[in-house]
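Trainee: I am new to this structure and would be grateful for a close look at a single part of it. Please take one helix and explain what surrounds it.

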Amino acid sequence: MATPDVFLQGEHDHFSSSSAFDHTKGDAKSRGFALEKKIEYLERLNDRVSNRRARRWINDRILLELVPRLTGDEIRGLFAPPPWGDEVQPSPFCMTNVVEWDKFRNIDMDKEAGAIEALKGSSSKKKSRVDADKIAALTAWHRVDCRTREAFRRSFLPELVNSFEENIRAFVSEATNEEVLVLYAQDPFHRLLLHGVCEFYNLVSTTESETKGTKVLKMTKIKKKKAGNNELPTITLCAFLKMAKDGFW
């Protein structure tokens with residue numbers, strides 16, 4: 001009785017020497033027909049043998065016949081990157097100076113912990129400062145009348161409000177409690193926004209009429225509160241409204 005190795009060797013010789021299964025020649029139709037015949041032949045062999053090794057060899061041959069041969073470029077694509085693919089770009093660690101990298105790698109653990117704590121402390125202080133600025137801006141915003149707040153939300157005219165703010169912030173920083181700032185705004189909506197800016201900065205504002213010849217002008221007198229907090233918010237009203245519009249509040 002033939003052993004499995006003898007059977008495999010005999011089948012391999014028959015398989016490789018048979019011209020009926022040579023599909024490297026001829027047109028595509030004949031090659032396809034030859035490939036089908038070869039797979040059928042292998043499947044019939046698979047039904048005839050019972051040895052596990054023989055079945056595994058036949059299954060491998062079937063898979064090899066089903067998969068087309070790869071070109072050189074396809075093989076290089078399977079094994080990219082090197083040694084067959086494109087050259088690998090050096091990493092930042094490879095490009096770093098060895099001495100500088102050793103200093104970073106061999107840093108003292110106590111110094112490392114101190115540096116990390118210092119970074120945490122600076123970030124927490126910065127965050128607390130930002131939170132304090134936001135709270136101050138919100139407090140100033142809540143001083144504005146609800147009707148005026150609605151006007152700001154609807155159309156706050158950034159250029160106009162910014163010009164009001166520049167004058168008012170300079171007045172708060174430089175003027176004494178007895179001084180009065182006078183601004184002119186003839187449009188009723190503009191005057192409403194001006195009063196809102198004054199309320200944001202905790203100032204008292206009143207509008208009066210002034211006659212110049214045949215014209216009647218509206219002037220707004222602005223002064224500081226006697227017992228008020230005149231500290232300027234870091235976040236301006238224009239910046240606050242833009243942040244609110246962008247969803248930061």
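Mentor: The account that follows concerns helix α10 and the elements around it. The model is a predicted one, and the description should be read in that light.

Helix α10 covers residues 188–200, and its axis comes within 10 Å of the axis of helix α9, residues 158–174. The two axes cross at roughly 45 degrees, which means that α9 is oblique to α10. The crossing of this pair is right-handed. On the α9 side, the residues in contact are L160, V161, F164, E165 and I168; on the α10 side, they are H190, L193, L194, V197 and C198. Sorted by class, this contact holds eight nonpolar residues, one polar residue and one charged residue.

Helix α10 also packs against helix α8, with the axes 10 Å apart and an angle of about 110 degrees between them. That angle makes α8 roughly perpendicular to α10. Here the crossing is left-handed. From α8, the residues R147, T148, A151, F152 and R154 meet F189, L192, L193, G196, V197 and E199 of α10. The classes in this contact are six nonpolar, two polar and three charged residues. L193 and V197 of α10 thus appear in the contact with α9 and also in the contact with α8.

Within α8, which spans residues 146–154, R153 and E150 are three residues apart and so are separated by about one helical turn. R153 forms a salt bridge with E150, and their closest N and O atoms are 3.7 Å apart. The count of salt bridges comes to two.

A sheet completes the surroundings. Helix α10 lies across β1, β2 and β3 and runs at about 145 degrees to β2. Helix α9 lies across these three strands as well, running at about 175 degrees to β1. The sheet is open, its strands follow the order β1-β3-β2, and their pairing is antiparallel. Strands β1 (181–184) and β2 (203–212) stand at the edges with a single partner strand each, so one side of each has no neighbour in the sheet. From one strand to the next, the twist averages 30 degrees. Strand β3, residues 215–224, is joined to β2 by 10 bridges, and the two run antiparallel. Among the paired residues, L203 has K224 in β3 as its bridge partner.

In summary, α10 meets α9 at an oblique angle, packs roughly perpendicular to α8, and lies across the three strands of the sheet.

How values were computed: Residues numbered from 1 in each chain as written. Predicted model: local features only at pLDDT ≥ 70, side-chain atom pairs only at ≥ 80, totals over all residues. Heavy atoms only, no water. Axes fitted to C-alpha atoms, helices over the stretch in contact; angles between N-to-C directions. Helix = DSSP H or I, 4+ residues; strand = E, 2+ residues; numbered from the N terminus. Parallel < 35°, antiparallel > 145°, perpendicular 65-115°, else oblique. Left-handed = near helix turned anticlockwise from the far one by under 90°. Contact = heavy atoms within 4.5 Å. Nonpolar A, V, L, I, M, F, W, Y, C, P; charged D, E, K, R; others polar. Pairing = 2+ DSSP bridges. Salt bridge = Lys/Arg side-chain N within 4 Å of Asp/Glu carboxyl O.
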